[in-house]
Every structure is written in structure tokens, then in C-alpha cells.
Amino acid sequence: MKPNIKKSVILSLICMFCGLISVSFFESDFHTSIANIVILLIIFTVDNVYPSVLFVLTGVGLYLLRILVSTLSSSDLLTGIQTFAPELLFYLVYGVFTVLYLHLFEKHRNSSLWYFLPFILFDYLANNVELLVRMGTKLFLYENQLTILSVAFIRTLIFVVILKFFEQYRLLLIQKEHEDRYKQILIFIARLNEDVVWLEKNTDMIEKTMSTSYKLYDRLNTRGGDKELAKMALAVSHDVHEIKKEYLLILRGLSVVLETEEHDDGMYIKDLINLIKESILSLAKERKQKVSLEITIKDNFYTKKQYLLLSVFRNMLVNALESSDKRDCHIVLTEHQEEDMYVFTISDNGSGISQENIVDIFQPGYSTKINYETGEVNRGMGLSLVKNMIDIDFKGHIKVESSHKGTTFTIALNKEALQ
């Protein structure tokens, strides 16, 4: 069985049992159910279903189900067959009208209310066919026609209201998905910016290494040194030069991406900090660590250097989280103004930094995050690079105070540099 047919058959079973939810009018044998409402909702919300299969199987299935229930209760099979046959006509007629309408106006399908008005007529006509068999000419009495029209209007209205609710709910989900994706992109670009900083730093190191190896070759070659060693030094210099070219190509490509992103609109600092807060909470969850963040931002300023700020504050908060050797980590971030500076303090309740190490934490290559079993060092961004960004990009400064009760970093950023 084809997947779409199988899906339609399964959904028809759902519609069939929904048909048992009904209200009786005129006489006890006429049942007004919600099955056709459910069928229409499936047609307009589920992809790749066959409306004709839904109507035929629902009508036939509900007909057989009513006969079964009637036979079990009254033990009269023939009466059940005759009594519920007209209901089968309703689903067949309603189905024919609906399928034809959907086929003829497929290209014009939309969510406007006008598009759904014909379904009132389809319901009205299908009920008339069923009740003509049941009631004969009594059907055309004014009271009966008004009741049939009211039923058709109410059922179609219920269908449209539920469908509109589904559409709005889907739009909210899509909007939430887009917001989450945008946040992930912002964090990704910030981390990409960190990698660019490292690449620029390593490019300088590569340049120095290439220069040193070439000087070694020159000395060995001109001062009567070992010729083989001289060739090896020259080969190293050449290889480093090739690595540098590839490095610069990668760095240029990443820089183009970041320059493009810099033309985007900026962010308010509260939005930026809240974004980082979500990232930290997610990281803490991965680490199975409880963390509480206490944030006080007095000045909700606007900046177009959001990616640099994301890099700075994300790394500072990650450091605060990772520095805690306690199950419960408490981080406090505050902001206030001092003349032409915005001043941020980031405090944690970690084990602190020893006075022996505190003088080195802003030095290149310094890290306390060492896995002594594997020897692996968690590079992160490095406080030296954080300090470099604060000093150069934000014309500010950073200082640290620490004890066995925790660590506090104070970051001052120039207002003009944030614009």
C-alpha cells in the first residue's frame, strides 16, 4: 500500500470514530456529527492525503459501525441497514462537492474567509439529500430548512475557527524557531570572531617562525655550517611560508563574512546579555551543573559591536561557570556608568585564583583549565585576548580581584567605542 493511501486510511478510522460524537435533530435516526469537521481539518492541515478516500471510508465505516452498535443493542440487523443508509448518502454527496471544489480551485486555495463559504452550501445540500430520504416533503418546511442551514453554518464556523487557531499556532512555532535560529547564528558569529582573533595571533607567530628558520638557514649557509642542516632549515622556512599563505586565505574569507555581518543592525545590551544567559544555562545543563545568574543592567544602551561584546561576555561567564568546583554556581553581573565609561562587574562563587597565578592570568598562553589525565588544555578564548579586545576595540580596561570565596572581574568600556 502506498504511504499516502495508508495515511488516508488511518486518518479515515479517526474520522469514523469522531462520527460517533453527534447530536440528533428532527428524529432520533438523524445524527449531526463532527466527522466532516475533522475531515476538513485533516485536508487543510495534513499533507499528501486523499480527500475522496477520507469521505468514502469515513462514510462506509461509520455506516457499518452504527449498524454494529444497533444490532448489538436491538438484535435487528435489517432495521439497522435501512435506518443508517441515508447517512452514507450525506458523506458521499458532501465528499463529491468538496473534492470537485478543491480540484477546480486548487490554484486559488487561500486562508480567506470567502474561500470557506461554499462549505456551508455543501453541508446544507448534503443534509438535504439525507433528510429527503428520511422525511420526504416535510423536509421543505421553513423550520426544518432553517435548522439544516443553521447546522451547516455552525459546523463550518467551528471548522474555520479551529483551522485559524492551528494556523496561528503554527505561525507562532515558526516565529519561535526563527528566533532560536537567529540566536544560534549570533553566538556562532561571535565564536567565529574569536577564531579570527586566534588566527591573527597565530599568523604573527607563523611569520616569526618563518623568519627565524630563514635566518638559521642563512647563518648555516654563509658561515660554513652543516649544509644538510641548512637545506632542512630552508625547507622548514619554505613549508611555513606555504602554511602562511593558506592561513591568510582562510583568514581573509572569515574576515569577509564578519565584515558583512558588521553591517547588520546592532543590539541593546539587555538583549545581548539575555542571549548569553541562555547560552550559559544551556552549557550548565550539559555539564549537569546548577547555575543561578543574577543580572542588573541599569543602562540599556545600544551598540553595533554586538559580536565583539558577545565574545567578551560569553567567555567571561563561561570562565566563571567553569571556575566553580561547586555543584551550585552563582554568578552576579552588574552594570553602571562612571563618567564616559560603562562599567561591568562579573562575580562568581568559585574557588578563586591564587595570588601566585593572578599576576599571570592576562598573559598569552595562560590557562588553569588543564586535564591532568590527558594533558589537554582548554584553549577557550583566553583572558589575554579578552583583555586585548577590551583595551583596543573598546578603549577600556579590565581588572580582577580574587579570594577563596570567589573572583570578581571589573570591565570598563568606553561609551564612544561601543557605538
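**Exercise 1. The pair R134 and E130**

Task: In this predicted model, find what joins R134 to E130, and decide whether each residue is buried or exposed.

Solution:
- Step 1. Look at the side chains. R134 forms a salt bridge with E130. The closest N and O atoms are 3.1 Å apart. The cut-off for a salt bridge is 4 Å, so the pair passes.
- Step 2. Recall the principle. Side chains of opposite charge can pair when their charged atoms come close.
- Step 3. Place the residues. Both R134 and E130 lie in helix α6. They are four residues apart, about one turn of the helix.
- Step 4. Check accessibility. Buried means under 20% relative accessible area. R134 has 16%, so R134 is buried. E130 has 1% and is buried too.

**Exercise 2. The helix around that pair**

Task: What span should helix α6 have, and what follows just after the helix?

Solution:
- Step 1. Count residues. Helix α6 covers residues 118-135, which is 18 residues.
- Step 2. Compare spans. At 1.5 Å a residue, α6 should span 26 Å. Its end C-alpha atoms are 25 Å apart, which agrees.
- Step 3. List buried residues. Among them are F119, F122, D123, N127 and M135.
- Step 4. Look past the end. Just after α6, G136 takes a positive phi of about 70°.

**Exercise 3. A bridge between two helices**

Task: Which parts does the salt bridge of D123 and R155 tie together?

Solution:
- Step 1. Check the distance. The side chains of D123 and R155 meet in a salt bridge, 2.9 Å from N to O.
- Step 2. Place both ends. D123 lies in helix α6 and R155 in helix α7 (residues 142-222), so the pair ties together parts that are 32 residues apart in sequence.
- Step 3. Check burial. Both D123 and R155 are buried.

**Exercise 4. The pair D391 and K387**

Task: Where do D391 and K387 lie, and how accessible is each residue?

Solution:
- Step 1. Find the bridge. The side chains of D391 and K387 meet in a salt bridge, 2.7 Å from N to O.
- Step 2. Place the pair. Both lie in helix α12 (residues 383-392), four residues apart.
- Step 3. Read the areas. D391 has a relative accessible area of 29% and is partly exposed. K387 has 27% and is also partly exposed.
- Step 4. Add the wider count. The structure holds five salt bridges.

**Exercise 5. Two residues of helix α4**

Task: T98 and L92 are both found in helix α4. Is each one buried or partly exposed?

Solution:
- Step 1. Take T98. Its relative accessibility is 0%, so T98 counts as buried.
- Step 2. Find its partners. T98 touches L40, F55, F119 and F122, leaving out residues up to four places away in sequence. F119 and F122 belong to the buried residues of α6.
- Step 3. Compare sequence and space. T98 and S52 are 46 residues apart in sequence. Their C-alpha atoms are 8.8 Å apart.
- Step 4. Take L92. Its relative accessible area is 36%, so L92 is partly exposed.
- Step 5. Find its patch. V56, L57, V60, L64 and L92 make a nonpolar surface patch of about 370 Å². Helix α3 (residues 51-74) gives the most to this patch, with four residues.

**Exercise 6. The whole chain**

Task: How many helices and strands does the protein chain have, and what share of its residues is buried?

Solution:
- Step 1. Count elements. There are twelve helices and nine strands.
- Step 2. Read the burial. Of the 419 residues, 41% count as buried.

Terms used. Residues are numbered from 1 along each chain as its sequence is written. This is a predicted model: local features need pLDDT of at least 70, side-chain atom pairs count only at pLDDT 80 or more; totals for chains, interfaces and linings use all residues. Side-chain values use heavy atoms; hydrogens and water are left out. Buried means under 20% relative accessible area, exposed over 50%, partly exposed in between (1.4 Å probe, protein chains only). Contact means heavy atoms within 4.5 Å. The expected span of a helix is 1.5 Å times one less than its number of residues. Patches are made of residues with over 30% relative accessible area and no salt bridge: like charges are joined within 9 Å, nonpolar side chains (Val, Leu, Ile, Met, Phe, Trp, Tyr) within 5 Å. Accessible areas come from the Shrake-Rupley method with a 1.4 Å probe; for residues, only the protein chains shown count as cover.
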